Amino acid sequence: MLEILSNRTYRHLFSAQVIALIGTGLATVALGLLAFDLAGADAGTVLGIALAIKMIAYVGVAPVAAAFAERLPRRAMLVSLDLVRAGIAVLLPFVTEVWQIYVLIFLLQSASAGFTPTFQATIPDVLPDEKDYTRALSLSRLAYDLESLVSPMLAALLLTLVSFHTLFAGTVIGFLASAALVVSVLLPSPKPTTPCPIYERTTRGMRIYLATPRLRGLLAVNMAVAAAGAMVIVNTVVIVQGAFGLSQQSTALALAAFGGGSMLAALTLPRLLETVSDRAAMLTGVALMIAGLVAGTVMPGFMMLLPLWFVIGIGYSSAQTPSGRLLRRSLHPEDRPALFAAQFALSHACWLVTYPLAGWLGATLGLNPTFVVLAVMGAVALAAAFLIWPATDRETVPHKHPELPDSDPHWKEGTPSGGHRHAHAFIIDDLHPQWPREP
């Protein structure tokens, strides 16, 4: 997997991603502590709303950014967005009112929603070989998991020396370093595409996504991931510092336990997926998260919270890591930016529901009812994934083309079976707008 880092351009881009992620992770920890400092027992509600605003920016901005990502100078766009994010992060330590958190978070995450699809659209051109690109997807997933582990641990270390406001400086440094690394390389120019209306370019990924059964199953998995993840991210500070009366360092340690479980799963999955299907691994991960939420209702103290968060972290990564493989199986290369932007937007739409719900339930009903409600949401999502995503998820699917003449060159693809039918790797596109029904 690491051999792709011999490519200098990709190495610099990947390094930029990792450094920016660590900076963002420090901001996430600091934001939770800032919310607790400003709102006390209502910190869960404040953080839930702030993270919901983040999701609104992601859902609304990402598809539009993806539509333009192939038409604008990529390096200039990536660097500009990094500088915007750094400028906004500079202001976060000076926040004195809750509403100021909401405004700055929206601006910061709108810039991030533009950065991520542009970054993802660049990698296939930097690594045109499909195997290299697949390794890059796996490495990117590991980077997210590493950030979940390293950022809280780094935050816990820094909090022994400085106040949490100083953590925002790490965010600024991360974005500036990311911009410097992007500037240091030449990026491929966007590939010319067939001109089409902005609405068509913006919605194409969504239409492919929602017409593909395995991706509809992935959407259900995303909802379960968001339910468990929201409980961890929104309410860890409330559980540790509010319910248990412990320190900021304990909050960071609990988040590090979650990140450690996620990292362990990410390191184990590549070998496991050689013998186990993506569907089995992902649904097992969802089941682990649901079990963790149920166990949270009888959690006696901090020493049980750590292994519980560790187990939920294992399920979290197991459910998410193979998603790039599903997307790769379900697209043509030219639709890659659109489909990854659709996954980005739809998965964050799930978080848009669960973030404020986790905060509101925790503040109004208490932590135990919150565990129960989110566990039920996860169980419903798991049942939906079982029903929507066929257990026999074949790539080669027999289908008809009654509208095509016998002379059409498309008949040369796949295996003919007579009666205007043939079979090949089925992907939603202009010629195949709907998934065929099983005969």
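R85 makes a good place to start: with a relative accessible area of 5%, R85 is buried. The model is a predicted one, so please read every value below as computed from predicted coordinates.

## Around R85

A salt bridge joins R85 to D82, and the closest N and O atoms of this pair are 2.6 Å apart. D82 is buried as well, at a relative accessible area of 0%. Why do these two partners lie about one helical turn from each other? They are three residues apart in helix 3 (residues 74-91), which puts about one helical turn between D82 and R85. The general rule behind this is that an α-helix has 3.6 residues a turn, so residues three or four places apart point the same way.

R85 has an aromatic contact to offer too. Its charged end sits over the ring of F115, at 4.4 Å from the ring centre.

## The salt bridges

How many salt bridges does a search of the whole structure find? The search finds two. Side by side, they read as follows.

| Salt bridge | Closest N and O atoms |
|---|---|
| D82 and R85 | 2.6 Å |
| R325 and D278 | 2.9 Å |

R325 and D278 form a salt bridge with the closest N and O atoms 2.9 Å apart. This pair links distant parts of the chain, with R325 in helix 12 (residues 323-329), D278 in helix 10 (residues 278-296), and their positions 47 residues apart. Are R325 and its partner buried or exposed? R325 counts as partly exposed, at 32% relative accessibility, while D278 counts as buried, at 8%.

## Aromatic pairs

The structure holds five aromatic pairs. One of them brings Y10 and F14 together in a stacked arrangement, with 5.9 Å from centre to centre and 25 degrees between the planes. The label "stacked" applies because planes under 30 degrees apart count as stacked. Y10 and F14 are four residues apart in helix 1 (residues 8-39), so about one helical turn separates them. Both residues are buried.

Elsewhere, ring pairs connect F258, Y316, W351 and Y355 into a cluster.

Helix 1 also holds H12. H12 is buried, with a relative accessible area of 14%. Which residues does H12 touch, not counting those up to four places away in sequence? They are L181, S184 and V185.

## Helices 4 and 9

Helix 4 (residues 98-126) lets you check its length with simple arithmetic. At 1.5 Å a residue, its 29 residues should span 42 Å, and the end C-alpha atoms are indeed 42 Å apart, so expectation and model agree. The expected span rests on 1.5 Å times one less than the number of residues. Helix 4 is also mostly covered, as 23 of its 29 residues are buried.

S250 belongs to helix 9 (residues 248-272). At 15% relative accessibility, S250 counts as buried; the cut-off for that label is under 20%. Leaving aside neighbours within four places in sequence, S250 is in contact with V240 and F302.

## The sheet

Now for the strands. They form an open sheet of three, in the order 1-3-2, with antiparallel pairing. Strand 1 (396-400) and strand 2 (415-416) are the edge strands, each pairing on one side only. In general, strands of a sheet pair through backbone hydrogen bonds, either parallel or antiparallel.

How many bridges join strand 1 to strand 3? Five bridges do, and strand 1 and strand 3 (residues 421-425) run antiparallel. In strand 3, A423 is the bridge partner of P398, and H422 stands opposite H399.

Which residues of strand 1 make up its covered face, and which its uncovered one? V397 and H399 belong to the covered face, whereas T396, P398 and K400 belong to the uncovered one. P398, the partner of A423, is thus on the uncovered face, and H399, opposite H422, is on the covered face.

## The chain as a whole

Stepping back, the chain has 14 helices and three strands. Of its 439 residues, 55% count as buried. Among contacts between residues at least 6 apart in sequence, 82% join residues at least 24 apart. The salt bridge of R325 and D278 is a pair that links distant parts of the chain, its residues being 47 apart.

Terms used:
Residues numbered from 1 in each chain as written. Predicted model: local features only at pLDDT ≥ 70, side-chain atom pairs only at ≥ 80, totals over all residues. Heavy atoms only, no water. Phe/Tyr/Trp six-rings, centres within 6.5 Å; stacked < 30°, edge-to-face > 60°. Helix = DSSP H or I, 4+ residues; strand = E, 2+ residues; numbered from the N terminus. Buried < 20%, exposed > 50% of the residue type's maximum accessible area, 1.4 Å probe, protein only. Lys NZ or Arg CZ within 6 Å of the ring centre and 35° of its normal. Pairing = 2+ DSSP bridges. Salt bridge = Lys/Arg side-chain N within 4 Å of Asp/Glu carboxyl O. Contact = heavy atoms within 4.5 Å.
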